[in-house]
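Colleague: I have a structure to go through. Can we take the packing of its parts step by step?

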Amino acid sequence: MSLELFNTLTRKKSPFRPLEAGQVKLYTCGPTVYDTAHIGNMRTFIFEDLLRRYLTYAGYKVLHVMNITDVDDKTIERAIREDRDLQELTGHYTESFIADLATLNILPAQHLPRATEFVAEMAAGIETLVQKGHAYATPDGSVFFDISSFDGYGQLVNLQPDQQRAGERTAEDDYGKDQAADFALWKAHKPSDGPYQWPSPWGPGRPGWHMECSIMSTHFLGPHFDIHCGGVDNIFPHHENEIAQSRCLFGTPFVETWLHSEHLIVDGEKMSKSRGNFYTLADILDRGYSAAAVRYTLLTTHYRQQLNFTFAKVAESQKALNRLRELARRLEQASDGAGGEEVPAPDAELRAALDNDLNIAGALGAIFGWAKELFGRLDGQTLGPAGARAALEALRRYDEILGCIFVNEAAGDAAAIEALLKERNAARSAGDWARADAIRDELAGQGIILEDGAEGTVWKRG
RNA sequence: GGCGACGUACCCAAGUGGUCUAAGGGAGCGGUCUGCAAAACCGCGAUUCACCGGUUCGAAUCCGGUCGUCGCCUCCA
């Protein structure tokens with residue numbers, strides 16, 4: 001068995017083979033840093049994290065690049081509207097984005113290039129495209145890609161230009177191009193852009209959005225690399241345009257495998273600010289849910305399936321996660337000593353599931369089925385210490401992929417909880433059940449669950 | 001108008017032609033344990049996979065049609 005991935009380009013699952021043995025070159029489309037990222041964005045980054053972690057688990061070295069779009073219509077508009085410096089604004093949201101990734105235990109890319117660091121390279125690339133006859137400048141100093149100059153245009157999304165309806169957004173973005181379908185490589189400076197402009201052979205302006213990904217991905221990964229990811233909304237026009245630019249610029253194949261994650265919806269509806277169902281990570285954590293539960297929720301729906309986000313689902317995730325953490329705790333407890341029986345870990349099933357286009361639900365099914373067996377043996381005392389240690393090791397191994405079992409939750413008030421626990425245990429010894437239950441209720445109000453067992457009381461987040 | 005995805009129990013969801021009288025998680029019910037709980041364990045739950053036809057010895061899985069939900073069609077992950 002080997003990893004198979006669903007390639008958007010071919011609309012088929014096919015075996016994944018890196019161009020260079022043992023080494024995967026991965027580019028993932030990052031955020032436009034004009035506002036706080038929302039959980040829909042995070043869903044995509046969690047999918048990419050699963051991909052990266054599983055590739056690593058499967059033995060590949062992964063070189064991962066993610067761009068930060070820090071110059072485009074939205075960032076400039078916002079900076080001017082809020083009277084903030086563009087760099088200050090984008091710097092702020094970039095930091096908040098990186099903090100959210102860390103909170104969700106998403107491994108950071110080795111390179112996080114910002115578009116503004118590559119404007120000169122982008123301009124040079126555009127100049128080459130003009131020279132090769134794939135692009136043209138307009139009198140106002142903008143440059144457009146001529147899609148009629150590239151035969152392969154439309155292959156990613158299977159579009160026939162003559163069958164398309166003119167969209168409302170076409171007009172908004174009209175800088176004077178020849179055909180509606182041509183797209184901007186360079187946008188001439190307009191008064192509404194304020195002070196934000198960069199020099200170019202066509203006069204002051206700024207790069208179009210698509211160009212940054214072509215230039216920055218190939219800068220770090222070379223003109224022909226393995227995997228490029230993003231949300232489904234990026235398939236067209238962004239990735240379609242990237243293919244056109246890159247192929248014409250470098251004259252080589254561009255990306256082998258395109259992977260796209262479906263959108264997250266909320267309570268069955270599209271997430272939008274006007275519907276009031278627009279959530280950031282902080283919004284959810286403020287309601288008392290743990291970051292690990294959010295990660296589990298976003299992780300465990302297959303990436304090509306729409307994820308219907310509900311708070312009930314986050315609560316379910318927390319419980320499922322608690323079960324695995326309880327297993328870890330019980331295994332640790334049972335691991336002193338030597339000898340005894342073992343339960344074979346489901347490594348093969350886990351690999352088989354994830355090899356199948358990252359079938360995470362199948363992988364979890366294997367883990368939970370095994371967990372059930374282990375719990376039964378722990379209760380029946382038929383698992384030896386060696387078996388417990390082996391199982392614990394396997395669980396740690398699986399968490400290198402899941403990233404949400406063995407994580408340190410921010411338990412800032414751990415000392416206060418311990419103090420209350422001590423008081424409650426004293427009350428219990430004295431038979432003062434009213435006081436003991438009052439403390440348990442109080443902690444329950446803070447989302448802390450107490451469990452009285454033979455070995456004493458343990459607490460966990462609920 | 002064009003392109004595409006999806007429809008499995010109360011909810012989420014696996015399943016890619018036979019081992020499916022269909023994993024796993026959550027919720028529910030009964031029991032063990034517990035001061036009472038919680039957690040854990042044991043037991044119970046789809047003869048059926050939106051609907052209708054077809055292919056096949058055999059279909060949730062392949063093909064055709066119908067109904068329904070959703071996404072994209074030029075800067076939204």
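Modeller: What follows covers three helix pairs and one sheet of a predicted model.

Colleague: How are helix 11 and helix 12 oriented to each other?

Modeller: Helix 11 spans residues 347-355 and helix 12 spans residues 360-380. Their axes come within 7 Å and cross at roughly 170°. Angles over 145 degrees count as roughly antiparallel. Helix 11 and helix 12 are therefore roughly antiparallel.

Colleague: How many nonpolar residues are in the contact of helix 11 with helix 12?

Modeller: Helix 11 brings E349, L350, A353 and L354. Helix 12 brings I360, G362, A363, A366 and I367. By class, one residue of this contact is charged, one is polar, and the nonpolar count is seven.

Colleague: Next pair. How do helix 1 and helix 13 lie to each other?

Modeller: Helix 1 covers residues 39-57, and helix 13 covers residues 385-402. They pack with axes 7 Å apart, at an angle of about 140°. The roughly antiparallel class needs an angle over 145 degrees. Helix 1 and helix 13 are therefore oblique.

Colleague: How many charged residues does the contact of helix 1 with helix 13 have?

Modeller: On helix 1, the residues are L50, R53, Y54 and Y57. They meet R397, Y398, D399, E400 and I401 of helix 13. The contact has five nonpolar residues and no polar ones, and its charged residues number four.

Colleague: In which hand does helix 6 pass helix 7?

Modeller: Helix 6 is residues 209-221, and helix 7 is residues 235-250. The axes come within 9 Å and cross at roughly 55°. That angle makes the two helices oblique. The crossing of helix 6 with helix 7 is right-handed.

Colleague: How many polar residues sit in the contact of helix 6 with helix 7?

Modeller: Helix 6 contributes residues including W209, H210 and S214. Helix 7 contributes, among them, N241, Q245 and F250. The contact divides into seven nonpolar residues, one charged, and a polar count of seven.

Colleague: Now the sheet. Which strands stand at its edges?

Modeller: The sheet is open, has three strands and shows mixed pairing. Its order is 12-11-13. Two strands have a single partner each, so one side of each lacks a neighbour in the sheet. These edge strands are strand 12 (269-270) and strand 13 (307-309).

Colleague: Which residue of strand 12 stands opposite I265?

Modeller: Strand 11, residues 264-266, runs antiparallel to strand 12. Two bridges join strand 11 and strand 12. Opposite I265, in strand 12, stands K270.

Key:
Residues numbered from 1 in each chain as written. Chains lettered and ligands numbered in written order. Predicted model: local features only at pLDDT ≥ 70, side-chain atom pairs only at ≥ 80, totals over all residues. Heavy atoms only, no water. Pairing = 2+ DSSP bridges. Helix = DSSP H or I, 4+ residues; strand = E, 2+ residues; numbered from the N terminus. Axes fitted to C-alpha atoms, helices over the stretch in contact; angles between N-to-C directions. Parallel < 35°, antiparallel > 145°, perpendicular 65-115°, else oblique. Contact = heavy atoms within 4.5 Å. Nonpolar A, V, L, I, M, F, W, Y, C, P; charged D, E, K, R; others polar. Left-handed = near helix turned anticlockwise from the far one by under 90°.
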